[in-house]
Amino acid sequence: MGASTDTGETTVAQVPLADGSEHTVVLSLGDVRLALRLAVVQRVVRAAAVVPVANAPAELLGLLDVHGAIVPLFDIRGVFGIPLREVSARDQFVIASACAR
């Protein structure tokens, strides 16, 4: 389980695929639009206090308490070449499962 941030302009919506078999959650990071399979999205929450982790890589913003579960919070902007920025009160966090490495 992990989380990603999105910008204040982002809208998160469920959109059926062409065959109607699955839904996706669509979000935007600046000019980049992303779609996640609904099956991997656990929830979308408003930005909250994040506990920083010492010596963590820049993309790991810290840890987030989501109803008693401690979740690592990653900023995926760098993966898409979007400059990292501070989290704002308008942001939303997308809590999603990640595949095992």
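A nonpolar surface patch is made of residues with over 30% relative accessible area and no salt bridge, in which nonpolar side chains are joined within 5 Å. In this predicted model, such a patch is made by Val-51, Val-53, Leu-63 and Ile-70, and it covers about 320 Å². Let us take one of its members as a way in. Val-53 sits in the loop between strand S5 (41–46) and strand S6 (60–66). Its relative accessibility is 34%, so Val-53 counts as partly exposed.

**The fold as a whole**

Stepping back from the patch, the protein has zero helices and eight strands. Read from the N terminus, the order of elements is therefore simple to write, β-β-β-β-β-β-β-β. Of the 101 residues, 29% count as buried. The protein exposes about 6500 Å², and carbon and sulfur atoms supply 56% of that area.

How much of the contact list with a separation of 6 or more comes from residues 24 or more positions apart? These residues account for 51% of those contacts. Two pairs of C-alpha atoms show how positions along the chain relate to positions in space. Ala-98 and Val-40 are 58 residues apart along the chain, and their C-alpha atoms are separated by 7.5 Å. Ala-98 belongs to the segment after strand S8 (92–96), and with a relative accessibility of 66% it counts as exposed. The other pair is Val-25 and Leu-38, 13 residues apart along the chain, with 5.8 Å between their C-alpha atoms.

**Nonpolar cores**

In soluble globular proteins, nonpolar side chains tend to be buried together. Here the largest nonpolar core has seven residues: Val-25, Leu-27, Leu-29, Leu-34, Val-41, Ile-82 and Val-94. Which strand gives the most to this core? Strand S3 (residues 23–29) does, with three residues. Apart from this core lies another, of six residues, including Leu-64, Val-66, Val-71 and Leu-73.

Val-25 is a good residue to look at in the viewer, being a member of the seven-residue core and placed in strand S3. Is Val-25 buried or exposed? Its relative accessible area is 4%, and buried means under 20%, so Val-25 is buried.

**The S6 and S7 hairpin**

S6 and strand S7 (residues 69–74) pair in the antiparallel sense, over six bridges. Leu-63, already met as a member of the surface patch, stands opposite Pro-72 in S7. In a regular strand the side chains alternate between the two faces of the sheet.

Two residues lie between the strands of this hairpin, where His-67 takes a positive phi near 50°. His-67 has this positive phi although it is not a glycine. The residue is placed in the loop between S6 and S7, and it is exposed, with a relative accessible area of 73%.

A related case is found in another loop. Asn-55, also a residue other than glycine, has a positive phi near 60°. Asn-55 lies in the loop between S5 and S6, as does Val-53 of the patch. At 82% relative accessibility, Asn-55 counts as exposed.

**Salt bridges**

How many salt bridges does the structure hold? There are two, and the table gives the partners with their closest N and O atoms.

| Acidic partner | Basic partner | Closest N and O atoms |
|---|---|---|
| Asp-75 | Arg-77 | 2.7 Å |
| Asp-91 | Arg-85 | 2.7 Å |

The surroundings of the partners are worth a look too. Asp-75 is buried, with a relative accessible area of 3%, and its partner Arg-77 is buried as well, at 2%. In the pair of Asp-91 and Arg-85, Asp-91 counts as buried at 1% relative accessibility, whereas Arg-85 is partly exposed, with a relative accessible area of 32%. Why does Arg-85 fall outside the buried class? Buried means under 20% and exposed over 50%, so a value of 32% puts Arg-85 in between, as partly exposed.

**Pulling it together**

This is a model of eight strands and zero helices, with a largest nonpolar core of seven residues and another core of six residues lying apart from it. On the outside, Val-51, Val-53, Leu-63 and Ile-70 make the nonpolar patch of about 320 Å².

How values were computed
Residues are numbered from 1 along each chain as its sequence is written. This is a predicted model: local features need pLDDT of at least 70, side-chain atom pairs count only at pLDDT 80 or more; totals for chains, interfaces and linings use all residues. Side-chain values use heavy atoms; hydrogens and water are left out. Patches are made of residues with over 30% relative accessible area and no salt bridge: like charges are joined within 9 Å, nonpolar side chains (Val, Leu, Ile, Met, Phe, Trp, Tyr) within 5 Å. Accessible areas come from the Shrake-Rupley method with a 1.4 Å probe; for residues, only the protein chains shown count as cover. A salt bridge is a side-chain nitrogen of Lys or Arg within 4 Å of a carboxyl oxygen of Asp or Glu. Helices (H or I, at least four residues) and strands (E, at least two) are DSSP runs, numbered from the N terminus. Buried means under 20% relative accessible area, exposed over 50%, partly exposed in between (1.4 Å probe, protein chains only). A nonpolar core is a set of buried Ala, Val, Leu, Ile, Met, Phe, Trp, Tyr and Cys residues joined through side-chain atoms within 4.5 Å. Contact means heavy atoms within 4.5 Å. Two strands pair if DSSP finds at least two bridges between them.
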